Amino acid sequence: MRRLCSAVLMALFVLSGCGEGGSHNSHLLLITLDTQRADFLGSYGHPETVSPHLDSLAQRSLFFEKAYATAPFTGPSHASILTSQHQSTHGVIYNGHRARNLTIGESSVTLAEHLNQSGFNTMAVVSGGPLDARFGFGRGFEGFNLVPQMGYLDSGGDPAQVTRRAGNWLLDWKHTGKQERFFLWVHYFVPHLPFLNRPDVRDSLGIEFDQTVDEESAATLPVAQVRQAYRAEVFEMDRFIGQLVARLEQLELADDTIIAVVGDHGEYLQEHGWTNHHGLFDEVLHVPMFIHWRDLRASERRPGTVSTIDLAPTLLDLLEVASLATAEGKSQRREAAPAPVFAEWRDFRLLNQEAPRPGEFQVMVRAGETKLIRDMLFPEASQCFDLSTDPAEARNLFGPNDPLTAELGALLDDHIKNSLPHGLAGIDDIQIDSKSLEMLRSLGYVH
Ligand SMILES: [Zn+2]
């Protein structure tokens with residue numbers, strides 16, 4: 001009787017989709033959203049129309065309410081998503097097209113390499129210079145397609161081309177009658193500055209503002225206009241994602257494809273007096289992350305803090321492929337015990353070998369609703385927040401006698417000394433006096 005009850009319960013559990021799903025024969029579509037704040041998607045609570053297609057996917061997803069990027073930059077963050085490692089481990093600590101031509105380290109294994117070795121056909125369509133194959137992002141992909149920039153500084157490739165090329169690859173894959181599974185990575189750059197004036201998009205959303213917003217005007221225009229311009233960009237990207245998913249459906253691949261959606265970092269829309277993305281406040285680190293598949297009957301929401309380095313292990317678990325030996329993240333397929341998450345930030349200015357300034361080299365730990373941003377070169381400029389009472393990160397609690405500072409500091413020390421095989425990367429970039437370097441060494445931050 002007891003065994004029968006267990007069997008019935010297990011059947012109900014599987015039918016409801018709770019904690020189960022995925023398959024040994026599913027394909028994988030990974031969609032990375034550049035510059036996408038979590039709070040500017042409907043599924044994360046945005047009150048206006050902004051992301052109907054992504055929201056539709058999110059309705060039947062393993063849905064992470066509090067996912068944190070490892071970096072506020074495209075190259076470093078994507079390298080973490082693909083390797084399941086922190087920046088100091090995979091080595092891409094700046095965007096390679098602007099600095100040092102950094103590539104993903106030889107000892108790191110990417111999701112594409114791992115899946116390709118496991119028999120998947122692999123293809124990438126990306127739309128930003130920081131993700132060029134020469135920085136290691138092409139590793140493991142049989143095909144790699146970088147859609148060229150549209151001509152604006154720091155702009156990405158045309159999202160229509162990205163969608164078309166990804167769709168055409170799916171069509172070819174289907175028509176060749178391949179028996180393998182596929183892994184397709186598609187990267188959209190649309191909500192990155194500049195926020196283009198697309199009259200049809202803004203009209204459809206009822207936005208009466210007709211300027212393109214660039215980095216300069218993002219800081220000076222009324223904040224309501226900047227937010228609406230950003231919203232229109234997200235809506236535009238969402239439209240193309242809708243087209244890509246429709247293509248999967250037309251080709252009758254949707255039922256057999258796991259669709260993972262993740263943001264690489266967010267964007268300041270004048271919070272803290274800032275624009276663009278840098279530093280380690282929540283506006284640039286809290287990103288959307290969810291995994292959709294058809295077997296799931298309803299959204300399975302996970303309220304706990306997770307990192308984007310947890311995505312690859314979770315996907316491998318769902319795909320029923322062996323885990324990635326070099327991963328620093330953990331599968332979140334089933335609810336895991338709460339664990340702290342970490343991020344790193346280095347300003348490009350450090351490469352100029354000028355005297356460093358506060359805020360240019362920081363590391364972050366977040367544990368539950370508490371957070372420490374440690375300034376590695378100017379410790380007195382560190383910041384500590386209790387987000388349960390201060391979600392805007394406006395009241396800095398940092399202090400030598402503050403118990404929260406001490407508690408989070410111990411977690412950060414442990415992470416840097418024991419979890420990062422090479423310590424913190426990037427010290428060589430900094431014009432730093434020998435005494436300070438010795439101090440960082442003695443603390444175990446540099447190996
Ligand atoms: Zn980015």
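Start by selecting H272: at 29% relative accessibility, this residue counts as partly exposed. Before going further, keep in mind that you are looking at a predicted model. H272 sits in the loop between β7 (268-269) and β8 (275-276). Check its backbone too, since H272 has a positive phi of about 60 degrees although it is not a glycine. Most residues other than glycine have a negative phi.

Stay in that loop and pick E271. Its side chain meets that of R37 in a salt bridge, 2.9 Å from N to O. R37 belongs to the loop between β1 and α2, while E271 belongs to the loop between β7 and β8, so this pair links distant parts of the chain, 234 residues apart. Are these two buried or exposed? Both R37 and E271 are buried.

**The zinc site**

Now click on the zinc ion. Which residues coordinate the metal? Show D34, T74, D264 and H265: D34 is listed with two OD contacts, T74 gives OG1, D264 gives OD and H265 gives NE2, at 2.0 to 2.8 Å. Along the sequence, these donors follow the spacing D-x39-T-x189-D-H. D34 is in the loop between β1 (27-33) and α2 (52-58) and D264 in the loop between β6 (257-263) and β7, so the pair ties together parts that are 230 residues apart in sequence. Colour by accessibility and you'll find D34 and D264 both buried.

**Two backbone oddities**

Next, go to S84, in the loop between α3 (74-83) and α4 (87-90). Like the histidine where you started, S84 is not a glycine, yet it has a positive phi of about 60 degrees. S84 has 0% relative accessibility, so it counts as buried.

Then jump to P194, in the loop between β5 (182-188) and α7 (199-204). Zoom in on the peptide bond leading from L193 to P194: this one is cis, with omega near 0 degrees. Most peptide bonds are trans.

**A buried aspartate**

Select D310, in the loop between β10 (300-307) and α11 (311-319). What is the nearest side chain of opposite charge? That is K330, 6.9 Å away, and D310 is buried yet has no salt bridge. Turn on K330's backbone as well: its nitrogen lies 2.8 Å from a polar atom of the D310 side chain. Leaving aside neighbours within four places in sequence, D310 is in contact with G329, K330 and Q332.

**More salt bridges**

How many salt bridges does the structure hold? There are 25. For another one, show R346 and E344, whose side chains meet at 2.5 Å, N to O. Both of these residues are buried.

For the last stop, select K66 and E369, which form a salt bridge with their closest N and O atoms 3.0 Å apart. K66 lies in strand β2 (residues 61-68) and E369 in the loop between β12 (361-367) and β13 (370-375), so the pair ties together parts that are 303 residues apart in sequence. K66 is partly exposed, with a relative accessible area of 25%. E369 is partly exposed as well, with a relative accessible area of 28%. Now add D282, R366, K371 and E393 to your selection: salt bridges that share partners join these residues with K66 and E369 into one network.

Methods. Residues are numbered from 1 along each chain as its sequence is written. This is a predicted model: local features need pLDDT of at least 70, side-chain atom pairs count only at pLDDT 80 or more; totals for chains, interfaces and linings use all residues. Side-chain values use heavy atoms; hydrogens and water are left out. Helices (H or I, at least four residues) and strands (E, at least two) are DSSP runs, numbered from the N terminus. Buried means under 20% relative accessible area, exposed over 50%, partly exposed in between (1.4 Å probe, protein chains only). Donors are N, O and S atoms within 2.8 Å of the metal (3.2 Å for Na, K and Ca); water is not among the atoms, so sites may look incomplete. Lys and Arg count as positive and Asp and Glu as negative; His and the chain ends are not counted. A salt bridge is a side-chain nitrogen of Lys or Arg within 4 Å of a carboxyl oxygen of Asp or Glu. A polar contact is a pair of N or O atoms within 3.5 Å; within protein, one must be able to donate a hydrogen and the other to accept it, and residues adjacent in sequence count only if both atoms are side-chain atoms. Contact means heavy atoms within 4.5 Å.
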